[in-house]
Amino acid sequence: MPTYNIWTIGCQMNKAESERIAAGLEERGYKASKSVNDADLIVLNSCVVRQSAEDKVVNKLHDIRHLKKEKPELLLALTGCMVDSDIKPLKKKFPFIDYLFKAGEYPPWLEKTEEITLPLKPTPSVYISISQGCDNFCAYCIVPYRRGRERSRPMEEIICEAEELARRGAKEIVLLGQNVDSYGHDLPGKPDLADLLKELNGVEGLKRLRFLTNHPKDMSDKLISAIAVLDKVCEHINLPIQAGSDEILKAMNRGYTAAQYLKLVEKIRKKILHNAITTDIIVGFPGETEKHFKETLDLLSKVKFDTVHVAAYSVREGTKAARELEDDVPLKEKKARLNRVEALQEKVQSAINSRLMDKAVEILVEGKNKGKWYGRTRTDKLVFFQSDKNHLGQAVHVKIDKTSAWSLQGIIK
Ligand code: SAH
Ligand code: SF4
């Protein structure tokens with residue numbers, strides 16, 4: 001029986017696609033190999049959103065080139081955002097790759113099948129992509145160039161898939177899109193994310209629904225109300241701000257000001273009880289001065305996010321920023337700013353999480369690690385607890401007795 005191994009780097013979208021590639025391979029008689037070394041087919045699911053990710057993919061490709069020298073029959077497939085529409089340059093650079101297919105597309109060996117490939121064994125939490133691509137063209141971002149224009153999947157198809165996953169044991173579904181707030185604008189009748197959530201809220205067996213990523217320029221009042229009202233929809237909103245300075249936001253082509261963002265946060269916090277808001281920040285975008293950066297720090301202090309994903313700006317060839325702006329913040333300064341965001345955020349998170357001390361929270365148990373069960377609260381906080389029973393996939397209540405900036409611990413009730 002042929003064996004496969006999939007190596008994945010990057011966002012949840014890549015993870016979701018790798019799960020489906022694995023399922024498609026198993027349907028065709030492949031078995032997962034124990035390690036890369038004993039696979040007959042290796043699939044690399046790549047990310048090029050930053051240079052650091054791209055470097056890791058290139059290193060991996062070279063490792064496999066060596067492996068192929070010892071084992072010439074080994075097949076190698078590359079997918080993910082490294083694969084551009086024009087595959088010639090990649091083929092020339094890495095001639096030892098056997099298959100190249102774009103992110104979100106079917107691998108060549110699945111070409112003739114039209115069925116939807118579902119993840120193999122649903123874990124309690126499963127991803128479903130609701131749209132592909134992005135129309136926003138933020139100045140720094142390569143995603144629209146690699147994943148193409150935004151295409152929404154029909155609502156009925158997503159609902160069918162969610163029902164099937166729930167039948168197979170999934171308890172939580174995480175809806176994925178580069179901009180979930182513009183879901184449906186290209187579909188007949190223009191359904192939106194709120195409509196989709198309302199339908200999915202009725203799927204039997206599911207306990208929770210999540211969705212990411214929201215775009216501050218597109219998040220509607222209708223969606224905020226849907227989150228507030230629908231019982232399965234978790235009160236966690238990932239709302240990337242990227243920068244706190246209007247000048248930088250404009251240069252990034254984000255389509256909102258810091259004041260508009262703050263207003264949106266205020267609205268969310270007023271309408272949705274016990275919510276968590278998380279964000280993404282880029283430091284060292286071209287032209288970002290100390291003054292601009294301080295505006296980001298001020299905004300972080302003001303909003304007090306539950307989590308911040310911070311990255312140093314990385315030039316991506318082909319983007320507007322790469323074409324028109326000079327990468328003028330030295331790497332050392334970018335790293336210093338990144339550390340300042342992380343230091344501030346650690347304090348903010350410690351304070352937010354400490355408020356959960358002695359409180360009972362509902363968590364959906366996702367697995368066991370080093371003898372401890374773990375799961376997440378509806379607000380996406382990681383919680384550990386000990387128990388000899390099997391709690392996988394259960395929603396349990398845990399009383400928190402230890403908190404830190406990164407996770408919580410408690411006793412099952
Ligand atoms: N569609 C989502 C996610 C896009 S990529 C959104 O709009 O937020 C995920 C994150 O990577 C972005 O939020 C951004 O913070 C970061 N990112 C994207 N391009 C980058 C670049 N060129 N340099 C550094 N970080 C980048
Ligand atoms: Fe990239 Fe902006 Fe689209 Fe997000 S919204 S994928 S950051 S272009």
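## A walk through the model, starting at Arg146

Start by selecting Arg146, which sits in helix α4 (residues 143-147). Keep in mind as you go that this is a predicted model. Is Arg146 buried or exposed? Its relative accessibility is 16%, and since buried means under 20%, Arg146 counts as buried. Now show what surrounds the side chain. Not counting residues up to four places away in sequence, Arg146 touches Val48, Cys81, Met82, Val83, Asp84 and Lys102. Zoom in on Cys81: its backbone oxygen lies 2.9 Å from a polar atom of the Arg146 side chain.

**Stop two: Asn45**

Next, pick Asn45, in strand β3 (residues 41-46). Asn45 counts as buried too, at 1% relative accessibility. Leaving out residues up to four places away in sequence, you can light up its partners: Trp7, Thr8, Ile9, Asn14, Glu17, Ser18, Thr79 and Gly80.

**Stop three: colour by domain**

Time to zoom out. Colour residues 3-108 as domain 1, 123-233 as domain 2, 235-354 as domain 3 and 360-412 as domain 4. Put a centroid on the C-alpha atoms of domain 2 and another on those of domain 4, and you should read 26 Å between them. These two domains are in contact, with ten residues from domain 2 and twelve residues from domain 4 taking part.

**Stop four: the nonpolar cores**

Select Leu175 and Leu196. These are the residues with the most contacts inside the largest nonpolar core, which has 68 residues. Which helix gives the most to this core? That would be α5 (residues 155-167), with six residues. With your domain colours still on, note that domain 2 (123-233) and domain 3 (235-354) both contribute residues, so the core lies between them. Stay with Leu196 for a moment: setting aside neighbours within four places in sequence, Leu196 is in contact with Ile130, Met155, Ile158, Ile159, Leu175 and Tyr183. There is another core apart from the one you are looking at, made of 25 residues; Ala53, Leu61, Ile64 and Ile97 are among them.

**Stop five: ligand 1**

Now select ligand 1 and expand to its shell. You should get 15 residues around the ligand, of which Tyr140, Gln178, Gln242, Asp280 and Ser314 come nearest. Three distances are handy to display here:

- From Asp280, a polar side-chain atom lies 2.6 Å from an oxygen atom of ligand 1.
- From Ser314, a backbone N or O atom is 2.8 Å from a nitrogen atom of the ligand.
- From Arg50, an N or O atom in the side chain is 3.2 Å from a nitrogen atom of the ligand.

How much of ligand 1 does the protein bury? Taken alone, the ligand exposes 530 Å², and the protein buries 87% of that. To see which elements give two or more residues to the shell, show β12 (276-283) and β13 (307-312).

**Stop six: backbone oddities**

Keep Gln242 from the ligand shell selected and check its backbone. Most residues other than glycine have a negative phi, and most peptide bonds are trans. Gln242 has a positive phi of about 75° without being a glycine. You will find Gln242 in the loop between β11 (236-238) and α8 (246-252), and it is buried, with a relative accessible area of 7%.

Jump to Asp358 for another positive phi, about 70°, again not at a glycine. Where is Asp358? Look in the loop between α12 (331-354) and β14 (360-369). Asp358 counts as exposed, at 52% relative accessibility.

Then select Leu212 and Thr213 together: a cis peptide bond joins them, with omega about 10°. Thr213 belongs to the loop between β10 (208-212) and α7.

**Last stop: Asp221**

Follow the chain from that loop into helix α7 (residues 221-229), where Asp221 is found. Asp221 is partly exposed, with a relative accessible area of 37%. Which residues does Asp221 contact, leaving aside neighbours within four places in sequence? Lys267 and Lys271. The side chains of Asp221 and Lys267 make a polar contact at 2.6 Å. For a last distance label, try the C-alpha atoms of Asp221 and Leu264: 43 residues apart along the chain, they are separated by 9.3 Å.

Conventions
Residues are numbered from 1 along each chain as its sequence is written. Chains are lettered from A and ligands numbered from 1 in the order in which they are written. This is a predicted model: local features need pLDDT of at least 70, side-chain atom pairs count only at pLDDT 80 or more; totals for chains, interfaces and linings use all residues. Side-chain values use heavy atoms; hydrogens and water are left out. A nonpolar core is a set of buried Ala, Val, Leu, Ile, Met, Phe, Trp, Tyr and Cys residues joined through side-chain atoms within 4.5 Å. Buried means under 20% relative accessible area, exposed over 50%, partly exposed in between (1.4 Å probe, protein chains only). Helices (H or I, at least four residues) and strands (E, at least two) are DSSP runs, numbered from the N terminus. Domain bounds come from an automatic or database domain assignment. Contact means heavy atoms within 4.5 Å. A residue is near a molecule or strand if one of its heavy atoms lies within 4 Å of it. A polar contact is a pair of N or O atoms within 3.5 Å; within protein, one must be able to donate a hydrogen and the other to accept it, and residues adjacent in sequence count only if both atoms are side-chain atoms. Accessible areas come from the Shrake-Rupley method with a 1.4 Å probe; for residues, only the protein chains shown count as cover.
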